[in-house]
Amino acid sequence: MIFFDQIDVTVNGTGILAENASVSVQADLVPAYVIGLRGIVDQAPNQGINNSVSLSYFLEVDNEPNYGIVDQIRNFSSTTEELQPTTINIGGISGVFYLQSYQLNVAPNTPAKATASYVGYNQVSGNVAEKAGTVNYNASNGSGIGFGFASVGGNHTLKEAFDFNYSFQANYIPVFALGSQEPISVKLMGASEDMSISKTGFYDPSFTGTNPDGTLFNQNGSTGVQIFGLKLFCEDDSSQSVDINVSGTKVKSTSVGHSVNEISRSTTTFSKYF
């Protein structure tokens, strides 16, 4: 019997501070029915292997492999090369996967958390096993964990923001050849990202496709929202951060909510497509 503290969770060899981690392997079947016969003739494989990985963890600004992969996908534009898959190991079971979604939430006085999901089309390997002790976790002793009161925008200072949310989605198509059980290639077909900020006041976009501007940010000529760790608060150290690039995004929606015993808040969402 193996408990949670006895396993490794790594993304491309980097250990993350996971609260939940799972891997699922699915082999679809299709029943074959024919005229003149009651019941099935056979249960045949349908498509290929479809694997998935789900990760939920504390964000370390000095040790965040998944947002680095998001950046790679955002900047990937080659039509001749393949996007490199990510190697993930969860408790001794490992395989190659492609990042499908990524979410990040920052709220006041709360550790920043992220979730990531991956999809895979190849066989996984290994079995549930205890960690080998070769992966280094929490190298900064907690001071690298993103935290709400330290998550200010160094480039774009958030104006009276109550929370900041970021999400990214990518779409892939596996290409199979006759006689192959695994895809001969996996094509990145597109991606999108959405961000939202909750704050006081109401932002009314003047026209479809409005850029987020000084109404949402105190801009000083840069294009990012920086999320800092506890080091910023405890040691005034701003050398490490996760930088969310908002360049090229467009405002998509604004909503205002009022509740008893709550401050009235508006939430503005802006998006970008790749």
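In the predicted model, the side chains of Asp-71 and Arg-74 are paired in a salt bridge, with 3.2 Å between the closest N and O atoms. Both residues belong to helix α1, where they are three residues apart, about one turn of the helix. The two partners differ in their cover: Asp-71 is partly exposed, with a relative accessible area of 29%, whereas Arg-74, at 13% relative accessibility, is buried. Arg-74 also takes part in a salt bridge with Glu-193, for which the closest N and O atoms are 3.5 Å apart. This second pair connects distant parts of the chain, since Glu-193 is in strand β11 (residues 185-199) and Arg-74 is in helix α1, 119 residues away. Glu-193 is buried, its relative accessible area being 1%. Through the shared partner, Asp-71, Arg-74 and Glu-193 are joined into one network of salt bridges. With buried taken as under 20% relative accessible area, Arg-74 at 13% and Glu-193 at 1% both fall in that class, while Asp-71 at 29% does not.

The helix that carries two members of this network is itself mostly covered. Helix α1 spans residues 65-74, and seven of its 10 residues are buried. These are Pro-65, Asn-66, Tyr-67, Ile-69, Val-70, Ile-73 and Arg-74.

Helix α1 also contributes to the boundary of an enclosed space. The structure contains two cavities of 30 Å³ or more, and the largest cavity holds about 50 Å³ of space. Its lining is formed by Ile-69, Gln-72, Ile-73, Leu-83, Gln-84, Pro-85, Thr-86, Phe-97, Tyr-98, Leu-99 and Tyr-172. Helix α1 and strand β6 each supply at least two of these residues. Among the helix residues on the lining, Ile-69 and Ile-73 also appear in the buried set of α1. By class, the lining of the largest cavity has eight nonpolar and three polar residues, and no charged ones.

The second largest cavity holds about 40 Å³ of space. Val-61, Ser-143, Gly-144, Gly-229, Lys-231, Leu-232, Asp-237, Ser-239 and Gln-240 form its lining. Here two residues are nonpolar, five are polar and two are charged. Charged residues are thus present in the lining of the second largest cavity but absent from that of the largest.

In total, five salt bridges are found in the structure. Besides the pairs of the network, one of them joins the side chains of Glu-19 and Lys-113, with an N to O distance of 3.1 Å. This contact likewise links distant parts of the chain: Glu-19 is in strand β3 and Lys-113 in strand β7, 94 residues apart. Both ends are partly exposed, Glu-19 with a relative accessible area of 41% and Lys-113 at 35%.

Glu-19 is also one of the residues lining the largest pocket, which has a volume of about 310 Å³. The full lining comprises Phe-4, Asp-5, Ile-7, Val-9, Ile-16, Leu-17, Ala-18, Glu-19, Asn-20, Ala-21, Lys-131 and Tyr-137. Strand β3 (residues 17-32) gives the most to this lining, with five residues. By class, eight of the lining residues are nonpolar, one is polar and three are charged.

Phe-4, a member of the pocket lining, also belongs to a nonpolar surface patch of about 490 Å², which is made together with Met-1 and Phe-3. Phe-3 is placed in the segment before β1.

Two asparagines stand out in their backbone geometry. Most residues other than glycine have a negative phi. Asn-12, however, has a positive phi, near 50°, and is found in the loop between β1 (9-11) and β2 (14-15). Asn-12 is partly exposed, with a relative accessible area of 46%. Asn-109 also has a positive phi, near 55°, and is located in the loop between β6 (93-106) and β7 (113-120). At 56% relative accessibility, Asn-109 is exposed. Because the exposed class begins over 50% relative accessible area, Asn-109 at 56% is placed in it, whereas Asn-12 at 46% remains in the partly exposed class.

Note on methods: Residues are numbered from 1 along each chain as its sequence is written. This is a predicted model: local features need pLDDT of at least 70, side-chain atom pairs count only at pLDDT 80 or more; totals for chains, interfaces and linings use all residues. Side-chain values use heavy atoms; hydrogens and water are left out. Helices (H or I, at least four residues) and strands (E, at least two) are DSSP runs, numbered from the N terminus. Buried means under 20% relative accessible area, exposed over 50%, partly exposed in between (1.4 Å probe, protein chains only). On a 1 Å grid over the protein atoms alone, a cavity is a set of points where a 1.4 Å probe fits but cannot get out, and a pocket is an open set with protein on both sides within 12 Å along at least five of seven lines; lining residues have an atom within 4 Å of a point. Grid points are joined across faces, edges and corners, and a volume is the space filled by probe spheres set on the points. Ala, Val, Leu, Ile, Met, Phe, Trp, Tyr, Cys and Pro count as nonpolar, Asp, Glu, Lys and Arg as charged, and the others, Gly among them, as polar. Patches are made of residues with over 30% relative accessible area and no salt bridge: like charges are joined within 9 Å, nonpolar side chains (Val, Leu, Ile, Met, Phe, Trp, Tyr) within 5 Å. Accessible areas come from the Shrake-Rupley method with a 1.4 Å probe; for residues, only the protein chains shown count as cover. A salt bridge is a side-chain nitrogen of Lys or Arg within 4 Å of a carboxyl oxygen of Asp or Glu.
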